[in-house]
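Me: I'd like to go through this model and ask how each label was earned. Can you take the questions one by one?

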Amino acid sequence: MGNGTSIGRVRGLGSAKHGAHHWLTQRFTAVGNLFLLIWLAVSILLLGDLSYISVEAWLSKPVPAIAMALLIISTFWHARLGVQVMMEDYVHDHGTKFACLVALNFAVFAGAAFGVLCVLRLALGA
């Protein structure tokens with residue numbers, strides 16, 4: 001068939017075969033974020049004193065530091081997945097889409113690295 005019919009225009013443009021994985025990953029990070037945010041809220045409520053000294057002492061323990069780092073990584077990963085879908089849907093020029101996705105990956109990696117570095121700095125007392 002030629003390009004003049006509907007089937008001719010869409011032939012060869014089938015599934016990319018990775019949408020279900022992307023969808024599941026976003027749902028798993030959402031559930032992980034939910035549990036980690038509940039843990040964070042309960043932990044903050046149980047601290048009582050929210051001074052820098054008490055929060056630093058709390059984050060210097062291994063379990064809160066690891067959980068906080070996981071929350072930061074999971075939140076940035078979840079945000080990246082959502083913004084990536086928006087960019088893929090609404091940015092139509094291939095070069096611009098590539099540039100936007102590269103900038104997104106850089107921003108997400110930088111933000112997550114900065115957050116984890118801050119937690120490590122507090123946890124190690126540096």
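**Labels and the values behind them**

Me: Why is S74 called buried?
Reply: S74 has a relative accessible area of 12%, and buried means under 20%, so S74 counts as buried. Keep in mind that this is a predicted model.

Me: Where does S74 sit, and what does S74 touch?
Reply: S74 belongs to helix 4. Leaving out residues up to four places away in sequence, S74 touches T29 and N33. Both T29 and N33 are listed among the buried residues of helix 2.

Me: Which other residues of helix 4 are buried, and what do they pack against?
Reply: Besides S74, the list holds P64, A65, A67, M68, A69, L71, I72, L81, Q84 and M87. The buried residues of helix 4 pack against helix 2, helix 3 and helix 5.

Me: How do you know that the length of helix 4 fits its residue count?
Reply: Helix 4 has 29 residues, which at 1.5 Å a residue should span 42 Å. Its end C-alpha atoms are 42 Å apart, so the two values agree.

Me: And what span should helix 2 have?
Reply: Helix 2 also has 29 residues, with an expected span of 42 Å, and its end C-alpha atoms are 42 Å apart, so that agrees as well. Just after helix 2, G48 takes a positive phi of about 80 degrees.

Me: Which residues of helix 2 are buried, and what covers them?
Reply: They are H22, T25, Q26, T29, N33, L36, L40 and S43. The cover includes helix 3 (52-59) and helix 4 (62-90).

Me: Why is I38 called partly exposed?
Reply: I38, in helix 2, has a relative accessible area of 47%. Buried needs under 20% and exposed needs over 50%, so I38 at 47% is partly exposed.

Me: What makes I38 part of a surface patch?
Reply: Patch members need over 30% relative accessible area, and I38 has 47%. I38 joins V31, L34, F35, V42 and L46 in a nonpolar surface patch of about 620 Å².

Me: Why does L50 count as exposed?
Reply: L50 has 54% relative accessibility, and the cut-off for exposed is over 50%, so L50 counts as exposed. L50 lies in the loop between helix 2 and helix 3. Setting aside neighbours within four places in sequence, L50 is in contact with I44 and V55.

Me: Which residues touch the most other members of the largest nonpolar core?
Reply: That core has 13 residues, and L40, W58, M68, L71, I72 and V119 touch the most other members. Helix 2, helix 3, helix 4 and helix 5 (94-124) each give two or more residues to this core. Helix 4 gives the most, with 6 residues.

Me: What is V119 in contact with?
Reply: Beyond neighbours within four places in sequence, V119 is in contact with A65, M68 and I72. Apart from the largest core lies another core, of 5 residues, among them V91, L101, L104 and V108.

Me: What pattern does the protein chain follow?
Reply: The pattern along the sequence is α-α-α-α-α, with 5 helices and 0 strands. Of the 126 residues, 26% count as buried.

Me: How much of the contacts comes from residues 24 or more positions apart?
Reply: They account for 67% of the contacts with a separation of 6 or more.

Me: And how much area does the protein chain expose?
Reply: About 9,000 Å², with carbon and sulfur atoms supplying 74% of it.

Note on methods: Residues are numbered from 1 along each chain as its sequence is written. This is a predicted model: local features need pLDDT of at least 70, side-chain atom pairs count only at pLDDT 80 or more; totals for chains, interfaces and linings use all residues. Side-chain values use heavy atoms; hydrogens and water are left out. Patches are made of residues with over 30% relative accessible area and no salt bridge: like charges are joined within 9 Å, nonpolar side chains (Val, Leu, Ile, Met, Phe, Trp, Tyr) within 5 Å. Accessible areas come from the Shrake-Rupley method with a 1.4 Å probe; for residues, only the protein chains shown count as cover. A salt bridge is a side-chain nitrogen of Lys or Arg within 4 Å of a carboxyl oxygen of Asp or Glu. Helices (H or I, at least four residues) and strands (E, at least two) are DSSP runs, numbered from the N terminus. Buried means under 20% relative accessible area, exposed over 50%, partly exposed in between (1.4 Å probe, protein chains only). The expected span of a helix is 1.5 Å times one less than its number of residues. Contact means heavy atoms within 4.5 Å. A nonpolar core is a set of buried Ala, Val, Leu, Ile, Met, Phe, Trp, Tyr and Cys residues joined through side-chain atoms within 4.5 Å.
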